[in-house]
Structure formats: C-alpha cells, structure tokens
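Subject: Structure for your review, with findings

Dear colleague,

Please find below the structure that I am handing over to you. My findings follow it, and I should be grateful if you would read them alongside the model.

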Amino acid sequence: MAAVHDLAAYRDTAGAGAEPMRVAIIGAGVAGICQAIKLQEAGIEFTIYEKAGDIGGTWRDNTYPGCSCDVPLHLYQYSFEMSADWRNKFADHAQIKAYLDRVVDKYGLRPFIKLNCAIDAAVFDDATGTWALTTEQGEKVDANILVAGTGQLNRPQLPNIPGTEDFKGDAWHSARWNHDVDLKGKRIAVIGNGASAIQFVPEIAKEAGNVTIFQRSASWVLPRPERVFSEWEKTLYRRFPWLMWIQRTRMWLNGEQLLLSFRHMGWALKKAHVKESEEYVPDPEKRAKLLPDYDPGCKRVLFSNDWWPAMGRANVEIETTGIDRITETGIRTRDGETHEFDAIVYGTGFDTNHFLGPVDVKGLGGRDLRAEWKDGADAHLGIGVSGFPNFYLLYGPNTNLGHNSIIYMIECQTAYVTQIARKLRDENIAYADVRATAQAEWDKGVQEDNAKSVFASGCTSWYKTADGRITNNWPNSTLTYYRMTKRVKWDDYAVVARGAEQAQAAAE
C-alpha cells in the first residue's frame, strides 16, 4: 500500500458506531516504526513514545568504529520499503539510520512521535479496558492498546567487576562510544569479545599502540561475503525492483539454511573458522585461545573479514586469565599481574533477559509483569501475555534469531498486532486477553524445541537466564513463525465486549 500521510482520511474504514482506537507504541526503533506504518495503513491512531532525542533505536545508539549489520541489507530492511541505494551488502550503522529517517519521513510519522518521552509505568484499567500510561515527565496518557517495541539489545550491561569506578583513564561501553578520545598510540583494554568487539577491535587496532582483549570465551567467526554495489547494479534495482525481491528471497533461504547448518553441519562451520585463523594468525598459542570450546550456534556466530587479520597483528593480545579487579591505572588479573591501560572499552553486551527494562507494567487486577516473569520472560507467540490485555511485544521473548533477519520476524508480529487492533476497533471490543492455556502450550513447545537446539548445547550465553532457561531465541525456521502468526486464532483469546461505561470512558 502507498504511504498514508493523513490518518483522519482513513478513520471511515472503521465499522459503524465503533469507538476511537488509540495505540501507544514504546520505542521509535525498527520495530516501533514498522508497527506505526501498519497501523497507519489500517487507519488506526497511534503515538510513538521514544525515550531518546531521535529515532533509530540500536542504529542510533551504536556508533562505534566498524559498526555494521551482519545480515545482508536486502533482508535487513522492510519488505514494503525496499531501497536500491545501499552502498554495500552489509550496511553500516549510518546507512541504516539514514534509511530509517527516510522511511519515517516518507510515511509522515514524525508528528506522531514524542521524543525525549520515556514511559515509566503502564497500568491496565479493568473498568474501561484501557491502559493508563505515565511518562518520565509525569504526563498521564491513555491508550486502548499498548505495544512495546523496546527490543532486546538496547540497555548496555556493564560487568560486575570490583573497582570500575577507580579507573582514572577513559572508559565507556561500546554502545555509548566516546568519539572525543583519540586512541592513537594508546594502550586499550577491551573487556568482552562478542558481536560489537568483533567489529570495533579491528578498527581501533589500526591506530592504537596496543589492544588487549580480556576474553572469557572465544567466538566462532566466519568470513562475511561483503561487496560494494556498483552504480549499474543500483540503476538496475531502481528500474526493476523485483530483482531486489529475488535477492531478498535468496538471502532469506540462505538464512534458513544456516539454521540447518547449526543442527547438522557444525563441522563445516568449525572448519571455516580454523582455516581463517590459520591463514592470518601465525602464533599457535594465540590461535588456541581463539578456538571456542562449544558448538557453533550455541552462542551467536559472528561474521567478519577484518577480525582474523586484526588477530594476527603484533599489537593485539588475548588475555584469558580472569579479571580480579580494575585499578586506578588498569586491570589486575587473578594471577596477580597488573596490566596498565589508558582506556577501557566494555564490549560486554546488553541486559537481554529483563524485557521492557525500567517500564513498570501492571495488568488485570494489578498483576505485576516483573513478578510474572521472575523465572524468565515468556509470551504467547512472543507477543502477548495472559493477564495483560491489549498489551503486545515486538521482538519479545523467544523471537530473537541466530540465523536470519529479525525484521522478518518483526513484520510478522506487527501484522499480527494490527489484525487484533482492527478487530477491536471494528467490532467495538474492549479488550482481548491471551488465555493462560494458550500461552502455556506455546511456551512448552518453544522450550521443548529449544532444549533440542544448539542453543542448549552447553555454553553460557545471553540467550539464557542465570538458571539456564532460554528466553530469547526462536529455535525453528522463520517460515514456521510466519505460518503461526499469519492469522490470529481467536480461540486463544478471551474477548470482552465494550460496555456503555467503557464506551463513554473511551470517548473522553
């Protein structure tokens, strides 16, 4: 459907006598923007509440050197807004942020986005069937539907290491990169070697005097089939957009195949990792430190063409001795040795298991979402939670991927939520609440599949809670998820019609 810039022109799509439908979306990242566009196409009013001063989510926050997407761009963009203007196959953060800005402007979303406006609390009103929201500034707003597009990778996590406040040099988390610090010739400590470090270490190693990576466990790192698009290719894509769809489909199929590789071809992935390390890292002791002791896919498999050449540099060291504490001048390891540094970069990832972060959510009868999730988050289809009517998550529990594009999953979820919003509006329904039995059945199936997946093969990862429950990852194909979310099964919901008092409250 073409861009819709005037919601009022679409309000007559509602059924006769239907009450206004207001949707509050938390977060103006990839998920929140997608949901807004789907609601806009349905003629449903919405407001996006964004805690920061700009849109973009993770692509606004992460600006570290080398920051880019490890999913091919034809797949890492909205299917309804394909662009031919990408510079290279694996776009950097600046290109993706610019793409999101273009999408927001094309669909006229900016008037519906409240920046610097975090939602602190959301309380469901049983009597009116609406959500009462409180912003960080104390403003009170109401909504019929609450959609959380807060994601899983937006709250930087610092390690619990004694002495972090004692260090006198510069220190920062990779997601809050300090671009004011000149790293040329400096001694730099990097704590962690996950997806962010894989990208920024090769960049800072080019100018730093020395980079020491403090590693708890190695990562599987495979080559990335990167390339720059020529102008004739871009022209071809503009003239024949269906060619982009062919590329997108091919990349999607490659992603689905990667899931099968985790299950059945781990040996091939290991072989590719070892081949790269042997080609670029002549020191056998360093190579040994960089060889993981778990199966590929148990933790996120990383793709880079720069990592292995960087590991072969003489000014890059790998330290596997555990950290005892951080001192005023550096890091002391458990063997008693003190390492002196000018700067410390924390590549320690994000708080991934506490979905919604600081937002306090209370549902029917005052049920507290944090209490409901004390043993690990779960949601029906990763979207809805029983006892919290008209509340939906995007990129929620058990919808993260290790093999394909999360935007594919988000489009499935936003279409699903829009179906619900349409029904509530058109049939004058107060709210729909996921049945506890439906949620439990879904969670049981996901956990059983996860228990048989590579994610449960023995490593410690951000996919899991402290007690080992896998709360983040989807263990099956994205096609399976699409089929499950294509149509809402209304038997999975308890639907409550709007009464006279509710209609009056909604009108106000």
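In which helix is A197 found? A197 is found in helix α4. Before I say more about that helix, please note that this is a predicted model.

**The chain as a whole**

The chain contains 14 helices and 21 strands. Its radius of gyration is 24 Å, close to the 23 Å that the globule rule gives for 508 residues, so the chain is as compact as a globular protein of that length. Taken along the principal axes, the box filled by the C-alpha atoms is roughly 75 × 55 × 45 Å. Of the 508 residues, 56% are buried. If one considers contacts between residues at least 6 apart in sequence, 72% of them join residues at least 24 apart.

**Helix α4 and A197**

Helix α4 spans residues 195–204 and is mostly covered, with 8 of its 10 residues buried. The buried residues are S196, A197, I198, Q199, F200, V201, P202 and I204. Their cover includes the strands β9 (187–191), β10 (210–214), β11 (221–222), β12 (302–303) and β17 (343–346), together with helix α9 (307–311).

Is A197 buried or exposed? A197 has a relative accessible area of 1% and is buried, the cut-off for that class being under 20%. Not counting residues up to four places away in sequence, A197 touches V190, G192, P202 and W307. The C-alpha atom of A197 also lies 9.4 Å from that of G66, although 131 residues separate the two along the chain.

**The packing of helix α1**

Two packed helices are described by the angle between their axes and the distance between the axes. I have used both values for the helix pairs that follow.

Helix α1 (residues 30–41) packs with helix α11 (residues 406–426) at an angle of about 40°, and their axes are 9 Å apart. The two helices are therefore oblique to each other, and α1 passes α11 in a right-handed crossing. On the α1 side, the contact is made by V30, A31, C34, Q35, K38, L39 and E41. On the α11 side, it is made by I407, I410, E411, Q413, T414, V417, T418, A421 and R422. By class, the residues of this contact divide into 8 nonpolar, 4 polar and 4 charged.

How do the axes of α1 and α3 cross, and within what distance do they come? The axes of α1 and helix α3 (residues 93–106) cross at roughly 20° and come within 11 Å. These helices are therefore roughly parallel to each other, and their crossing is left-handed. Here V30, I33 and I37 of α1 meet L100, V103 and V104 of α3. The residues of this contact comprise 6 nonpolar, no polar and no charged. V30 thus appears in the contact of α1 with α11 and also in the contact of α1 with α3.

**Helices α11 and α13**

Helix α11 also packs with helix α13 (residues 478–485), at an angle of about 5° and with the axes 10 Å apart. That makes α11 roughly parallel to α13. From α11, the contact draws on Y408, M409, C412, Q413, Y416 and Q419, and from α13 on T478, L479, Y481, Y482 and T485. These residues divide into 7 nonpolar, 4 polar and no charged. Q413 is named in this contact and in the contact of α11 with α1.

**Two further residues**

G357 is found in the loop between β17 and β18 (360–362). At 18% relative accessibility, G357 counts as buried. Apart from residues up to four places away in sequence, G357 touches R155 and R370. The C-alpha atoms of G357 and Q152 are separated by 9.2 Å, with their positions 205 residues apart along the chain.

R332 lies in strand β15 (residues 330–333). With 28% relative accessibility, R332 counts as partly exposed. Leaving aside neighbours within four places in sequence, R332 is in contact with I323, D324, R325, T327, E337 and T338. The C-alpha atoms of R332 and N476, which are 144 residues apart along the chain, are separated by 43 Å.

Yours sincerely

Note on methods. Residues are numbered from 1 along each chain as its sequence is written. This is a predicted model: local features need pLDDT of at least 70, side-chain atom pairs count only at pLDDT 80 or more; totals for chains, interfaces and linings use all residues. Side-chain values use heavy atoms; hydrogens and water are left out. Axes are lines fitted to C-alpha atoms, for helices over the stretch in contact, and angles run from 0 to 180 degrees between N-to-C directions. Helices (H or I, at least four residues) and strands (E, at least two) are DSSP runs, numbered from the N terminus. Angles under 35 degrees count as roughly parallel, over 145 as roughly antiparallel, 65 to 115 as roughly perpendicular and the rest as oblique. A crossing is left-handed if the near helix is turned anticlockwise from the far one by less than a right angle, and right-handed if clockwise. Contact means heavy atoms within 4.5 Å. Ala, Val, Leu, Ile, Met, Phe, Trp, Tyr, Cys and Pro count as nonpolar, Asp, Glu, Lys and Arg as charged, and the others, Gly among them, as polar. The radius of gyration is taken over C-alpha atoms; the globule rule is 2.2 Å times the number of residues to the power 0.38. Buried means under 20% relative accessible area, exposed over 50%, partly exposed in between (1.4 Å probe, protein chains only).
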